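Biologist: I would like a close look at one part of this model, with its surroundings explained step by step. Please give the cut-offs behind each term as you go.

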Amino acid sequence: MRALTYHGSHDVRVDNVPDPVLRHGQDILLRVTATAICGSDLHLYRGKVPGLKDGDILGHEFMGVVEEVGPDVTRVKPGDRVVIPFVIACGSCFFCERDLFSACETTNDGRGAILNKKSLRPGAALFGYTHLYGGVPGGQAEYVRVPMANTGPLVIPDALTDAQVLFLSDILPTGYQAVVNAQVGPGSTVAIFGAGPVGLMAAACARMLGAARIFMVDHHDYRLKFAADTYGVEPINFDKVDDPAEAIIEATQFRGVDASIDAVGFEAKGSTVETVLTTLKLEGSSGEALRQAIAATRRGGVVSVPGVYAGFIHGFLFGDAFDKGLQFRMGQTHAQAHMPALLERIGNGELKPELIVSHQLALGDAARGYEMFDKKQDGCRKIILTPGSNPLPA
Ligand SMILES: NC(=O)c1ccc[n+]([C@@H]2O[C@H](COP(=O)([O-])OP(=O)(O)OC[C@H]3O[C@@H](n4cnc5c(N)ncnc54)[C@H](O)[C@@H]3O)[C@@H](O)[C@H]2O)c1
Ligand SMILES: [Zn+2]
Ligand SMILES: [Zn+2]
């Protein structure tokens with residue numbers, strides 16, 4: 001089959017690779033009909049995450065049609081059309097029983113993501129996301145093996161198109177969990193840092209839950225304009241406004257917003273000094289977006305962090321966070337916990353995640369897609385890839 005494979009920093013290619021086969025009783029084989037490129041894939045593409053091997057298949061946002069099922073699969077059958085969550089979870093361990101699926105302690109036999117805590121059990125395996133997260137081949141491919149099929153796949157009604165439901169795999173539950181963690185409700189004020197797909201999904205969900213004001217910070221005007229037009233956010237371009245947090249405080253009676261969402265993560269554009277320190281690995285993550293989120297949040301408010309972080313940050317204003325009495329919520333999304341309710345919201349028209357799609361490419365053009373998404377070319381917001389030459393059904 002054809003699949004998008006990793007060969008080093010900024011080098012991904014669509015190669016011929018062996019077809020996947022069923023290996024465990026709860027595995028299914030999926031024929032992929034649509035897959036997407038995630039901001040998390042860009043961390044891999046830029047060579048910023050250890051644990052990838054030459055030829056690894058990437059991709060963790062995908063859906064398709066069930067082709068074959070293992071003997072223990074009860075939840076789906078051949079022919080079902082399903083969306084797959086990016087988190088692989090068993091459904092029955094200590095964490096899964098608490099709906100903390102991304103903490104599933106049985107699916108990742110790799111080393112785990114916390115490198116300096118060797119006694120701590122790793123969290124869940126993820127599709128196509130390095131050998132730290134289980135080394136499971138991803139779904140930017142014609143076919144993919146999906147483990148733990150009694151816990152992951154969500155069956156999709158025929159009335160909904162691939163583009164409407166594909167983002168249930170990751171960015172929609174991620175944006176939703178971010179606003180739930182941020183305790184956004186009717187009348188809330190919220191600042192979202194990052195106008196990428198995750199920030200946009202957070203804005204959509206914040207609107208849906210009744211937020212009164214949403215500030216959004218980025219430096220790509222085309223992304224900010226889309227968010228202002230579609231979700232009514234108040235855009236702030238950090239290339240033009242020196243200190244966005246200060247502007248947000250001034251706009252909220254000098255208190256700050258009820259909650260901030262950091263939808264940027266560890267590659268946040270910050271000072272030159274911080275960029276040099278992270279490049280030399282003297283700093284684990286750029287703290288720029290997190291510092292801004294802390295600064296923009298009112299006393300007693302919440303800082304919610306869906307953006308991915310790794311290692312340590314020196315410039316972390318823990319004293320400010322303590323003085324303000326902030327709460328912090330963060331982590332990989334417990335996708336399975338949110339998918340059914342979000343599918344209903346899509347079905348009844350409350351959410352239209354497909355609006356953010358800017359490009360639809362054949363899987364064969366995936367390398368160009370990565371470059372375009374990375375460099376923010378051609379107004380790129382979100383790319384859907386379709387395997388084979390089949391365009392997406394309307
Ligand atoms: N928690 C999870 O389970 C989960 C799931 C999906 C994605 N993510 C993470 O969410 C983050 C965003 O993903 P995405 O798909 O939207 O990626 P993206 O790269 O398309 O978007 C990031 C945006 O942040 C902006 N940005 C950069 N520096 C900034 C700064 N200092 N202040 C404000 N904005 C800044 C960029 O211009 C860009 O538009 C990534 O770190 C990704 O890995 C986490
Ligand atoms: Zn993702
Ligand atoms: Zn589990």
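Modeller: What follows starts from the whole protein and then turns to one helix, its neighbours and the ligand. The model is predicted, so to be described local features need pLDDT of at least 70 and side-chain atom pairs count only at pLDDT 80 or more, while totals for chains, interfaces and linings use all residues. Residues are numbered from 1 along each chain as its sequence is written, and chains are lettered from A and ligands numbered from 1 in the order in which they are written.

The protein has eleven helices and 17 strands; helices (H or I, at least four residues) and strands (E, at least two) are DSSP runs, numbered from the N terminus. Its radius of gyration is 20 Å, close to the 21 Å that the globule rule gives for 394 residues, so the protein is as compact as a globular protein of that length. That radius is taken over C-alpha atoms, and the globule rule is 2.2 Å times the number of residues to the power 0.38. The C-alpha trace spans about 60 × 45 × 45 Å along its principal axes. Of the 394 residues, 54% count as buried. A residue is buried if 20 or more other C-beta atoms lie within 10 Å of its own, exposed if 12 or fewer, and partly exposed in between, with C-beta atoms placed from the backbone.

The part to look at is helix α4, residues 197–208. Helix α4 has twelve residues and reaches 16 Å from its first C-alpha to its last, close to the 16 Å expected at 1.5 Å a residue; the expected span is 1.5 Å times one less than the number of residues. Ten of the twelve residues of α4 are buried, so the helix is largely enclosed by the rest of the structure. The buried ones are Pro197, Val198, Gly199, Leu200, Met201, Ala202, Ala203, Ala204, Cys205 and Ala206. They pack against α1 (39–45), α3 (171–181), β10 (189–193), β11 (213–218), α5 (221–231) and β13 (257–262). Contact here means that the C-beta atoms of two residues, placed from the backbone, lie within 7 Å. After α4 comes Gly210, with a positive phi near 100°.

One of these neighbours, α3, is itself mostly covered, with ten of its eleven residues buried. Among the buried residues of α3 are Ile171, Leu172, Tyr176 and Asn181. The cover over α3 includes α4 and β13, and also β14 (297–305), β15 (327–330) and α10 (335–347). Gln183 follows α3 and sits in the loop between α3 and β10. Most residues other than glycine have a negative phi. Gln183 is not a glycine, yet its phi is positive, about 55°. With 16 C-beta neighbours inside 10 Å, Gln183 counts as partly exposed. His10 is another non-glycine residue with a positive phi, about 60°. His10 lies in the loop between β1 (2–6) and β2 (12–16), and it is exposed, with 12 other C-beta atoms within 10 Å.

The domain assignment gives domain 1 (2–170 + 333–386) and domain 2 (178–330); such bounds come from an automatic or database assignment. The centres of the two domains, taken over C-alpha atoms, are 26 Å apart. Their contact takes 16 residues from domain 1 and 15 residues from domain 2. On the side of domain 1 that touches domain 2, α1 supplies the largest share, three residues. That side has five nonpolar, five polar and six charged residues, where Ala, Val, Leu, Ile, Met, Phe, Trp, Tyr, Cys and Pro count as nonpolar, Asp, Glu, Lys and Arg as charged, and the others, Gly among them, as polar.

Helix α4 also takes part in the surroundings of ligand 1. There are 34 residues around ligand 1, and the closest are Gly39, Ser40, Gly194, Gly196 and Gly265; a residue counts as near if its C-beta atom, placed from the backbone, lies within 6 Å. The elements giving two or more residues to this shell are α1, α3, α4, β11 and α8 (288–296). The most comes from α1, with four residues. By class the shell has 15 nonpolar, 14 polar and five charged residues. Domain 1 and domain 2 each provide at least three residues of the shell.
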